[in-house]
Amino acid sequence: MVHPLQSLRYTIVIPTTGRAQLSMLLRALDGSHGPHPSAVIVVDDRPEGDPLALPEIRFPLRQVRSGGRGPAAARNVGWRLARTEWIAFLDDDVLTDVDWTQRLSEDLDGLGSGVAASVAKIVVPLAEDRRPTDDERDTLALTHARWITADMAYRRSALVEVGGFDERFPRAFREDADLALRVCQAGYRIAEGRRVTTHPARRGDFLASVRRQRGNADNALMRAKHGRHWRQLTGEGPGRLGRHALTTLAGAAALGLLAAGRRRAAALAGGAWAGLTAQFAASRIAPGPRTPAEITRMAVTSALIPPAACAHRLRGELRAREPVAVLFDRDDTLIEDVPYLADPEQVRPMPGAHAALGALRDAGVLLGVVSNQSGVGRGYFTEDEVRRVNARVDELLGPFQTWQWCPHGPDDACACRKPKPGLVLRAAEALGVHVSRCVVVGDIGADVEAATAAGAKGILVPTRRTLPGEVERARREAAVAPDLPSAVRLAMEVL
């Protein structure tokens, strides 16, 4: 008998560093009642080592590697291998209920095309006979997060459109909120599902809370991408960075004044530091179990956290200060030109494209595509067919962090069709990059003109379609490269 929801196809992607809980999760999925996934893809993000020993399950199970580049990169590797409409992401340390596959299918069934994702409810079991520890309260915060990829399903086409997870986030922190914000900015909605997933409370060592301050570097990237109000956009309250900075400044001033022999002033600054540190420690001790070990840990780490938080934030600000991007035309630039291309099977990358794009990614450059697709306006193919072709390009040459394309014809008087600047401006905004830090690479004059109109730099790679006058104008006003690899090398020089 075919299950009523069996026609809904989905793939489960689980990034892992080989934690023991992974086998427990796979067995829980194996025992779940409901429509089974098309595949379970386990992405091993360890830099090296033998393949993981995974339990046998009744679903197709595939194990791949992502090279130790972090959970964002691991998830990208996983979903790009999937061939289903929906991708369900699970962390390797969660546990699913016995009806999870049924609940997931019910959550996804019937969602309109305007809904890009479904997020589960996360529960964290805690001891009932005592108050939670600092580590447990940190895990408990996951239950209040708006978008948490411990259990979140995304529509594959939406992931392609926004470029998937931003791999500049190296930790399991903020990469999920960043993706959700970009998806919402692309015009999609995120639905709240009814399925429930258990996330066991973490237990860290003495300095775990100090190491968690590395996330402040990721907060800097969030601010660079989404503006100063990013916390409100994600539904978070204000952070503690301002108070940490004040505490760190007071401590540094006390040491500096003492070294200068100004003992009274040093005592005042030291008193301010001690008061702020004591207040911070008290706020962390009060809700906890208040055991001697926990009190000692909170007292010591409360003195270490403020300077650690400030140092990581400064590092993040410097790293995210001026991102750069290269935006490519699609047809006859990234892939061979097929007039009014509507068949993904006809996609053929241009010579040298894969290696050239890899060099940009290795250098930390953001990538996007800006493409006129007037075949939609002319009635030659549909928007859905454009997305399928784009998905194939992304599969062969991706990831691209943004896809911007114009469906209008030459007579539609839109603001996006190149040589107008709309596509370039939209791509820069989507990437959080100032347009002056963008290079547009294309094969005709309209690509270079769009770059110039937007305030970006342009590079022309002539093909048989390029008019001689366009080449001469590009030599005067922009730059010309003989092929795509040369254009990429030139782009890296001018950025």
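Let me begin with a pair of helices: helix 10, residues 241-259, and helix 12, whose axes come within 8 Å and cross at roughly 110°. I should say at once that what we have on the screen is a predicted model. Since angles of 65 to 115 degrees count as roughly perpendicular, helix 10 and helix 12 are therefore described as roughly perpendicular to each other, and their crossing is left-handed. On the side of helix 10 the contact is made by Leu241, His244, Ala245, Thr247 and Thr248, and on the side of helix 12 by Ile305, Pro306, Pro307, Ala309, Cys310 and Arg313. Sorted by class, the residues of this contact of helix 10 with helix 12 come out as seven nonpolar, three polar and one charged.

Please keep helix 12 in view, and turn to helix 11. Helix 11 covers residues 263-285 and helix 12 covers residues 292-319, and here the axes come within 9 Å and cross at roughly 130°. Helix 11 and helix 12 are therefore oblique to each other, and helix 11 passes helix 12 in a right-handed crossing. From helix 11, the residues that make the contact are Trp273, Thr277, Phe280, Ala281, Arg284 and Ile285, while helix 12 brings Ile295, Met298, Ala299, Thr301, Ser302, Ala303, Ile305 and Pro306. By class, this contact of helix 11 with helix 12 holds 10 nonpolar residues, three polar ones and one charged one. If you compare the two lists, you will find Ile305 and Pro306 of helix 12 in the contact with helix 10 and again in the contact with helix 11.

A third pair of helices sits earlier in the chain. Helix 6, residues 175-185, and helix 8, residues 215-226, pack at an angle of about 10° with their axes 11 Å apart, and the two are therefore roughly parallel to each other. In this pair, Ala177, Asp178, Leu181, Arg182 and Gln185 of helix 6 meet Met222, Lys225 and His226 of helix 8. The contact of helix 6 with helix 8 has three nonpolar, two polar and three charged residues.

Now to the sheets. As a reminder, strands of a sheet pair through backbone hydrogen bonds, either parallel or antiparallel. One open sheet is built of eight strands in the order 3-2-1-4-7-6-8-5, and its pairing is mixed. Its edge strands are strand 3, residues 61-65, and strand 5, residues 95-96, each of which pairs on one side only. Strand 2, residues 39-44, pairs with strand 3 in the parallel sense over five bridges, and within that pair Ile41 stands opposite Arg62 of strand 3. Helix 3 packs on this sheet, where it touches strand 1, strand 4, strand 5, strand 6, strand 7 and strand 8, and its direction makes about 170° with that of strand 8.

Helix 3 and strand 8 are also linked by a salt bridge. Arg195 forms this salt bridge with Asp107, with the closest N and O atoms 2.9 Å apart. Because Arg195 lies in strand 8, residues 189-198, and Asp107 in helix 3, residues 100-108, the pair ties together parts that are 88 residues apart in sequence. For the model as a whole, the count comes to 43 salt bridges.

The other open sheet has five strands in the order 11-10-9-12-13, and in this case the pairing is parallel. Strand 11, residues 402-406, and strand 13, residues 457-460, stand at the edges with a single partner strand each, so one side of each is left without a neighbour in the sheet. From one strand to the next, the twist averages 20°. Strand 12, residues 438-442, and strand 13 pair in the parallel sense over four bridges, and Val440 has Gly458 of strand 13 as its bridge partner.

I will finish with some backbone details in the loops. A cis peptide bond joins Gly398 and Pro399, with omega about 10°, and Pro399 is found in the loop between helix 15 and strand 11. A cis peptide bond also joins Lys418 and Pro419, where omega is about 25°, and Pro419 has its place in the loop between strand 11 and helix 16. Finally, Tyr340, a residue other than glycine, has a positive phi near 50°, and Tyr340 is found in the loop between strand 9, residues 325-328, and helix 13, residues 353-362.

Key:
Residues are numbered from 1 along each chain as its sequence is written. This is a predicted model: local features need pLDDT of at least 70, side-chain atom pairs count only at pLDDT 80 or more; totals for chains, interfaces and linings use all residues. Side-chain values use heavy atoms; hydrogens and water are left out. Axes are lines fitted to C-alpha atoms, for helices over the stretch in contact, and angles run from 0 to 180 degrees between N-to-C directions. Angles under 35 degrees count as roughly parallel, over 145 as roughly antiparallel, 65 to 115 as roughly perpendicular and the rest as oblique. A crossing is left-handed if the near helix is turned anticlockwise from the far one by less than a right angle, and right-handed if clockwise. Contact means heavy atoms within 4.5 Å. Ala, Val, Leu, Ile, Met, Phe, Trp, Tyr, Cys and Pro count as nonpolar, Asp, Glu, Lys and Arg as charged, and the others, Gly among them, as polar. Two strands pair if DSSP finds at least two bridges between them. A salt bridge is a side-chain nitrogen of Lys or Arg within 4 Å of a carboxyl oxygen of Asp or Glu.
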